[in-house]
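Here are my notes on the model, set out as numbered points. Please read them with the structure open.

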Amino acid sequence: MIFDSIVIGGGVVGASIARYLSLYDISVALLEKNSDLCTGTSKANSGIAHAGYDPIPGTLKAKLNVRGNQLLRELAPQLGIDLKNNMAMVLSFNRDDELKMLYERGLKNGVSGMRIISHDEVLALEPNINSEVTAALLLTTSCIVCPFSLTYAMGENAEANGAKLLMEQEVIDIKKCDNYFIIKTKCDEFKALTVINAAGVFADKINDMVAPHTFDIKVKSGEYVLLDRSEGGLVNSTIFQLPTKEGKGVLVTPTYHNNILVGPDSVLRDDRNDNATYADGLEKVMESAKKSVSNINYRSIITSFAGLRASTASGDFIINEPVDGFFNAAGIDSPGLTSAPAIGEYISDIVSKHLGRKKKANPILNREAIARPSALNRDERNALIQKDPRYGNIICRCEEISEGEIVEAIKRGGTTLDGVKRRVRAGMGRCQGGFCSVKVLELIARECGCRMEDVRKNEKGSEVIL
């Protein structure tokens with residue numbers, strides 16, 4: 001079989017491209033080198049749907065950031081994406097002229113709902129902000145989103161429209177034939193009329209397999225600390241400092257699930273797989289955040305993590321066609337999460353025209369999210385439990401996750417501990433899986449018909465029980 005399009009990379013950008021391509025009369029396959037979607041850059045970021053004030057006007061980043069923000073808010077109810085419009089503030093400490101410049105840049109980018117607010121207005125909205133603040137840029141279209149929810153929603157909707165999502169298919173070679181490509185992985189060989197490179201921090205390596213070397217990916221690590229939900233309410237808006245050449249800087253934000261997230265720093269790494277955290281980096285993050293919110297209770301940290309960002313010398317997204325039928329979606333650093341739906345829309349438009357294909361007459365545009373008993377009222381929860389008693393058996397006490405939710409997560413592809421955790425949050429709470437992991441292992445083994453010794457945390461070699 002020759003696919004019309006093969007997407008390389010199963011992060012939020014690759015999944016979004018696959019989803020939008022699947023709305024056309026196009027046969028699509030997505031190749032991901034790991035065991036699940038959302039295992040690279042997409043799993044470890046700030047979870048912010050940025051308003052679009054920061055990118056340089058006229059760049060792809062500016063265009064796709066603003067469009068992506070709009071699409072996210074439209075798609076959330078359709079696809080069951082965890083998204084909350086909580087607004088954001090960019091704080092000024094006697095740098096009000098720079099704040100005005102940022103406001104003007106936002107206007108040029110087409111950002112709506114912005115205004116500069118005074119010291120008193122800032123503290124009225126967010127009493128825990130450092131009282132030395134002089135003004136802030138208020139961004140009413142900024143949202144918080146769960147990166148896992150977004151990626152899985154895009155992938156599942158792509159599948160519903162006929163796309164094939166193929167895991168553990170690391171691409172090792174691409175050859176251009178007369179009018180199609182041969183894509184070799186460590187396991188199989190595929191043919192496609194078009195190829196879309198969404199390989200994140202390895203996008204330059206994939207490009208160089210078939211096209212001239214025109215860009216290098218520089219990997220920047222961003223370290224975060226996550227606070228327990230007991231600290232929820234410290235801030236309700238996403239709190240930024242004025243950006244620097246290093247990026248948007250350290251932020252303090254609520255997550256969709258009411259934790260508090262602090263980070264990131266920005267450190268160049270030589271190793272593209274180095275997502276470790278380091279004591280000096282975390283200390284820098286925590287100290288920097290105190291400039292925005294001085295009374296953060298770091299005794300409530302439940303975990304820390306680092307994400308890797310794919311940066312290029314141009315500072316802009318690279319979306320091009322260096323070889324006929326081969327398309328790059330490379331250098332997708334911040335605001336990549338926000339821009340992902342817009343990148344999917346943008347590239348699918350280009351590829352569909354290249355192939356001469358039109359949109360399907362009746363594509364599936366909706367997706368039902370996994371039911372969450374803890375989010376229901378008493379009557380709704382009782383009705384769900386009466387229909388399926390497994391939703392009344394709580395497995396993860398910290399996050400109140402039921403057996404029914406975990407079983408559904410497994411059916412949707414979460415066949416590892418991390419796969420379940422990212423789909424329904426079992427193991428993401430205060431104890432970080434200390435109490436529920438064994439029960440989740442048992443459920444995965446039962447539902448998959450395998451031994452508990454075969455169940456992995458994530459990739460091959462990460463079996464939990466020996």
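1. Two strands count as paired if DSSP finds at least two bridges between them. The model is predicted. On that definition, 2 bridges join β4 to β8 (residues 143-145), and these two strands run antiparallel. Leu83 stands opposite Val145 in β8.

2. The wider sheet is open and has 3 strands, in the order β3-β8-β4, with antiparallel pairing. β3 (48-49) and β4 (83-84) are the edge strands, and each pairs on one side only. Strands of a sheet pair through backbone hydrogen bonds, either parallel or antiparallel.

3. Now follow the chain through α2. This helix bends by about 25 degrees at Arg73. A proline, Pro77, follows Arg73 within four residues. After α2 comes Gly80, with a positive phi near 65 degrees.

4. Is Ile81 buried or exposed? Ile81 sits in the loop between α2 and β4. Its relative accessible area is 6%, and the cut-off for buried is under 20%, so Ile81 counts as buried. Beyond its neighbours within four places in sequence, Ile81 contacts Leu75, Ala76, Val145, Ser149, Leu150 and Ala153. Val145 is also the residue that stands opposite Leu83. Ile81 and Tyr152 are 71 residues apart in sequence, yet their C-alpha atoms are 8.8 Å apart in space.

5. Next, the nonpolar cores. In soluble globular proteins, nonpolar side chains tend to be buried together. The largest nonpolar core here holds 51 residues. Which of them touch the most other members? They are Val13, Ile17 and Ile343. The elements giving two or more residues to this core are α1 (12-21), β2 (28-31), α2 (60-79), β8, α5 (147-160), β20 (326-330) and α8 (336-355). Apart from this core lies another, of 25 residues, including Leu138, Leu234, Val235 and Leu282.

6. Val13 deserves its own look. Leaving out neighbours within four places in sequence, Val13 is in contact with Ala198, Ala329, Ile332, Gly336, Ala340 and Ile343. Ile343 thus appears in this contact list and among the residues touching the most other core members.

7. Last, please look at Glu405 in helix α10 (residues 403-411). Glu405 is buried but has no salt bridge. Which side chain of opposite charge is nearest? It is Arg372, 5.5 Å away. A salt bridge needs a side-chain nitrogen of Lys or Arg within 4 Å of a carboxyl oxygen. Arg372 is still in contact with Glu405, as are Ile370, Ala371, Pro373, Tyr391, Glu400 and Val424, with neighbours within four places in sequence left aside.

Note on methods. Residues are numbered from 1 along each chain as its sequence is written. This is a predicted model: local features need pLDDT of at least 70, side-chain atom pairs count only at pLDDT 80 or more; totals for chains, interfaces and linings use all residues. Side-chain values use heavy atoms; hydrogens and water are left out. A nonpolar core is a set of buried Ala, Val, Leu, Ile, Met, Phe, Trp, Tyr and Cys residues joined through side-chain atoms within 4.5 Å. Buried means under 20% relative accessible area, exposed over 50%, partly exposed in between (1.4 Å probe, protein chains only). Contact means heavy atoms within 4.5 Å. The bend at a residue is the angle between axes fitted to the seven residues ending there and the seven starting there. Lys and Arg count as positive and Asp and Glu as negative; His and the chain ends are not counted.
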